[in-house]
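Subject: Structure handover and notes

Dear colleague,

I am passing on the structure we spoke about, with the sequence alongside. Please look it over first, and then read the notes below.

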Amino acid sequence: MNSILKLLLKATGHNTISLRWMCSLIFVLVTFICLYLFFNPPGIEPQFDGKNLSFYLNDLKLFGPVNESPRKLTEEALIAIGSDCLPHLKKRLNAEDSFILPFFTLLDEKFPLGEAPRIIALPAWVQKRQALRAIPTIGHSAHNLIPDLISMLSDSELCYEAAWCLGAIGTKSIGPLVDFLSGRPRNSQARASAIYALGQMSHKKSIQKALKVLISSLEDSSDEVQKQSLIAMRKMHVDEKYWKNVTSLIDDENPTIRREAQLTIDHWMSLNPKESL
């Protein structure tokens, strides 16, 4: 009881407080937590080797290169759990900070509540990053999360990680990405990250359905969108009639665009030595 009192004193910032008021506060707090858990249950998490999914998600690095693989045991766990992860990852992708988060965090630090309920004590940005770092390992089995990932392309902090996930899921992402770009989103970073996702699948035959939107993106006002379009198109089979759209950028005022355009043409020429510009 003394520990709980000290905990609440710390949370409320009071130095002195009556026992009656404190008991009332404890009752209200516990009631709020119970109601929150009742209406937002964490759910029974799938397990691997006797440990919950949250245990392995907590092991993921939240920063660093997006293509960095998780530790071997965590990778094995995510692959083994597979599609059973999806409801829990979806919840994390759409996480929002709860008003009881500060109190729940303090209580959980003092009295650990277990892996599954602990998700409530994690800030939303941590939950989102955990999901984004897990999805590439699951790969195409995570295709049901494509709509959630598409919506995250407009998040300036998470858009490229969401794009990496879409690329890892594979060709089922192509149609939704083309539809997203066809809607001409105002955010240039969202457009660039969507094309970045397509670029990860540029070696797939089905990427040809994205060719028109990639060509139109070569005229985008954003240098980053142009750059990602050139990179995405480089490994594609592109009819010679479209080459002029790239050659026109060889004299672009931006040196990065000039370089990427030249690299793209050089690559195409190496595959088609008999073709001429």
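Does Arg184 count as buried or exposed, and what is its relative accessibility? Arg184 counts as exposed, at 65% relative accessibility, where exposed means over 50% relative accessible area, buried under 20%, and partly exposed in between, with a 1.4 Å probe and protein chains only as cover. Arg184 lies in the loop between α10 (174-182) and α11 (188-199), and its phi is positive, about 50°, although it is not a glycine. Helices here are DSSP runs of H or I with at least four residues, and strands are runs of E with at least two, numbered from the N terminus.

Before the rest, some words on provenance. This is a predicted model, in which local features need pLDDT of at least 70 and side-chain atom pairs count only at pLDDT 80 or more, while totals for chains, interfaces and linings use all residues. Residues are numbered from 1 along each chain as its sequence is written, and side-chain values use heavy atoms, with hydrogens and water left out.

Overall picture and confidence

The protein has 15 helices and two strands, and buried residues make up 44% of its 277 residues. Among contacts between residues at least 6 apart in sequence, 68% join residues at least 24 apart, a contact being heavy atoms within 4.5 Å. The exposed area is about 15,100 Å², of which carbon and sulfur atoms supply 55%; accessible areas come from the Shrake-Rupley method with a 1.4 Å probe. The mean pLDDT, the predictor's confidence in each residue on a scale from 0 to 100, is 80 for the protein, and 73% of the residues reach 70 or more. Confidence is lowest in helix α1 (residues 2-12), at a mean of 51, and highest in helix α8 (residues 146-151), at 96.

Helix α9 and its surroundings

Helix α9 (residues 159-169) is mostly covered, with eight of its eleven residues buried; among them are Cys159, Ala163, Leu166 and Ile169. The cover over the buried residues of α9 includes α7, α8, α10 and α11. Glu161, also in helix α9, counts as buried at 8% relative accessibility, and its side chain makes a polar contact with the side chain of Arg129 at 2.3 Å. A polar contact is a pair of N or O atoms within 3.5 Å; within protein, one must be able to donate a hydrogen and the other to accept it, and residues adjacent in sequence count only if both atoms are side-chain atoms. After α9 comes Gly170, whose phi is positive, near 105°.

Ala197, in helix α11, is buried with a relative accessible area of 0%. Leaving aside neighbours within four places in sequence, Ala197 is in contact with Ala163, Leu166, Gly167 and Leu177. Ala197 and Gln228 are 31 residues apart in sequence, and their C-alpha atoms are 9.3 Å apart in space.

Arg129 appears again with Phe63, which sits in the loop between α3 (53-57) and α4 (72-81) and counts as exposed at 52% relative accessibility. Outside its neighbours within four places in sequence, Phe63 is in contact with Trp125, Arg129 and Arg133. The C-alpha atoms of Phe63 and Arg129 are separated by 8.4 Å, with their positions 66 residues apart along the chain.

Two further residues

Ser217 is found in helix α12 (residues 211-217) and is buried, with a relative accessible area of 9%. The side chain of Ser217 reaches the backbone oxygen of Val213 at 2.7 Å, and, not counting residues up to four places away in sequence, Ser217 touches Ile195, Val225, Gln226 and Ser229. Asp49, by contrast, is exposed, with a relative accessible area of 58%; it is found in the loop between β1 (47-48) and β2 (51-52), and has a positive phi of about 55° although it is not a glycine.

With regards
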